[in-house]
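Reader: I have a protein open in front of me, and I would like to learn how its features get their names. Could you take me through it?

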Amino acid sequence: MASAVWGGAPWWGPPPPAPARPLTDIDFCSGAQLQELTQLIQELGVQESWSNGPKPGPDLLQAKDFVFSLLGLIHRRDPRFPSQAELLLLRGGIREGSLDLGPTPLGPYTRGPHYDAGFTLLVPVFSLDGTGPELQLDLESCSAWLHVPELVHGSAVRETWQDCLGPPVPKGSDSRHQNQNEGRPQDAPSSADQPHGLVAEPEPQVSSEKLPSGVSGPEWTRRDVTDLGDPAPLKTESGDFTEPAAPSPVLSRSEAPEVWPTLCPAQVAAWFYASLATVAEALIPVPRAPRLVHAARHAGFTTVLLATPGPPRRLLLFDLIPVVCVAGWPEGARRHSWAGPLAPEPDSFYLVPSGDTERPGASRWQLCFARQELALKARIPEPLLQAHAAAQALLRPLVAGTRAAAPYLLRTLLYWACERLPALYLARPENAGACCLGLLDELGRALEAGALPHYFLSDHKLRAGDNGAALLGALARLRGDPAGALRSAVEEAKAARKGGGLAGVWGGAH
């Protein structure tokens, strides 16, 4: 019986070979398979979930309570610290892009070798109404000056903050000229003072303050936690809820605001650190509690390292930054994102010490939209967040110990990606690898240009820093083998999950 033939081949034979399909899941730059990169990114997310998950573990909660108690003790010592403050706690330290301070020395800390997880805590020391004469804004430079009146609610506020005041800043064109001069310091930062204690790598360009002589590194490591007593209540905001802001002060305007002295962010940061260090000297050991093993001031904020009792023992970094809370919204600033309004009413923003605090006489603050960024993060698709976290991990060793602003540039690129790309594309888990590479490529273009448009202020550009060229070269080398870099990041995350960082290096002995 003759067999039936279809197209010249027996019907029972193997099907003809399918036409060749183009390889669309290969990174052209490195040759890495995007599927493998996505799998590594997902694995990295799993390993880092102990610190980034929705339910923090008891060690993180203990460390947070420890920091809040320290702030309560600062109020006991110095009534200028508000008795009820609205605190904003952010996951990730300033070195991981939690805030924009511009190119500034951040100290020789690297997640992995030096600590296991980082956090940023915004501590309002002043609250005001953004429509009052005491606030002078320059949105083009993302800067502000805070003029201090003589009286607030009948109290001599200027006398109270006398040690934190700077000279008056005339309103008008002088402010912009002064900001431009401050934004380009001609001299390298002082390296006379180095942070104490546990950081292994030297940092010759760190501008920081040492702990008092009675709180040297070895002695500091023998202290555990303070006798908390009954500290003043502190309200906290960690993205889950919002507390009402303090009422706006009633000002005495017997003199023109132009002649009011300004609140100097460098002096405020120095006062904040000195108060914390003094309180730390009185700490009393408490078993099974976190221990403060290191503290140092860098530019406008204070970095503390806490060792948790475990198991497993971990070293947690907290960047504490004194801020001014401003009620209202800057005219001309962005109000809507790719997903609608930025945040519910009432509007507010922060003033943070800028990177220019190391310059003598610098009196400008920098605008900060941390609340709005917290709301934006909740609207970003999870695969894109995973891609950003992986890009952060790859960038981390490249910027350690430098003045680069790249981590916050990377965060800003995250917002611009959501504005530019379809939400369905960003929400597909299999696209995490391509998104991670895209963020790194966009960061390279921003470094090459030396700036990146600010997401909230259309007339302002974020500066990349003076070492952008060197970082650009390192980024190009990283792009040659992203899979290898991701494997290393996964291994570091595994070590941190087990209690890596200094806790692991020193065998848990602090």
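Reader: Where does Pro-105 lie?

Author: Pro-105 lies in the loop between strand 3 and strand 4. Helices (H or I, at least four residues) and strands (E, at least two) are DSSP runs, numbered from the N terminus. Before we go on, please note that this is a predicted model, where local features need pLDDT of at least 70 and side-chain atom pairs count only at pLDDT 80 or more, while totals for chains, interfaces and linings use all residues. Residues are numbered from 1 along each chain as its sequence is written, and side-chain values use heavy atoms, with hydrogens and water left out.

Reader: Why does Pro-105 count as buried?

Author: Buried means under 20% relative accessible area, exposed over 50%, and partly exposed in between (1.4 Å probe, protein chains only). Pro-105 has 2% relative accessibility, so Pro-105 counts as buried. Across the protein, 54% of the 510 residues count as buried.

Reader: How far apart are Pro-105 and Arg-403 in sequence and in space?

Author: They are 298 residues apart in sequence, and their C-alpha atoms are 4.9 Å apart in space.

Reader: What makes Glu-96 and Arg-111 a salt bridge?

Author: A salt bridge is a side-chain nitrogen of Lys or Arg within 4 Å of a carboxyl oxygen of Asp or Glu. For Glu-96 and Arg-111, the closest N and O atoms are 3.1 Å apart, and the pair forms a salt bridge. Both residues lie in the loop between strand 3 and strand 4, so the pair ties together parts that are 15 residues apart in sequence. Glu-96 is buried, and Arg-111 is buried too.

Reader: How many salt bridges are there in the whole structure?

Author: A search finds 15. One of them joins Arg-428 to Glu-430, with the closest N and O atoms 2.4 Å apart. Arg-428 has 45% relative accessibility, so Arg-428 counts as partly exposed. Glu-430 is at 41%, and therefore counts as partly exposed as well. There is also a network of salt bridges that links Asp-27, Asp-441 and Arg-479.

Reader: What about Lys-494 and Glu-491: how far apart are their closest N and O atoms?

Author: Those atoms are 3.7 Å apart, and the two residues form a salt bridge. Both lie in helix 14, three residues apart, which is about one turn of the helix.

Reader: Asp-100 is charged, too. What is the distance from Asp-100 to the nearest side chain of opposite charge?

Author: That side chain belongs to Arg-463 and is 7.8 Å away, so Asp-100 has no salt bridge, although Asp-100 is buried. In this count Lys and Arg are positive and Asp and Glu negative, while His and the chain ends are not counted. Asp-100 is in the loop between strand 3 (86-91) and strand 4 (117-129). The side chain of Asp-100 does reach the backbone nitrogen of Gly-102, at 3.0 Å.

Reader: Which residues is Asp-100 in contact with, leaving aside neighbours within four places in sequence?

Author: They are Val-352, Gln-366, Tyr-408 and Leu-462. Contact means heavy atoms within 4.5 Å.

Reader: How do you know that the length of helix 1 agrees with what is expected?

Author: The expected span of a helix is 1.5 Å times one less than its number of residues. Helix 1 (residues 34-47) has 14 residues and should span 20 Å; its end C-alpha atoms are 20 Å apart, which agrees. Its buried residues include Leu-34, Leu-37 and Ile-41.

Reader: What makes strand 5 and strand 6 a pair?

Author: Two strands pair if DSSP finds at least two bridges between them. Strand 5 (residues 135-138) and strand 6 (residues 143-146) have four bridges and pair in the antiparallel sense. Leu-137 stands opposite Ala-144 in strand 6. The two strands form a hairpin with four residues between them, and Cys-142 in the turn has a positive phi of about 60°.

Reader: Why is that phi worth pointing out?

Author: Most residues other than glycine have a negative phi, so a positive one stands out. Cys-142 is a residue other than glycine, with phi near 60°. At 1% relative accessibility, Cys-142 also counts as buried.

Key: A polar contact is a pair of N or O atoms within 3.5 Å; within protein, one must be able to donate a hydrogen and the other to accept it, and residues adjacent in sequence count only if both atoms are side-chain atoms.
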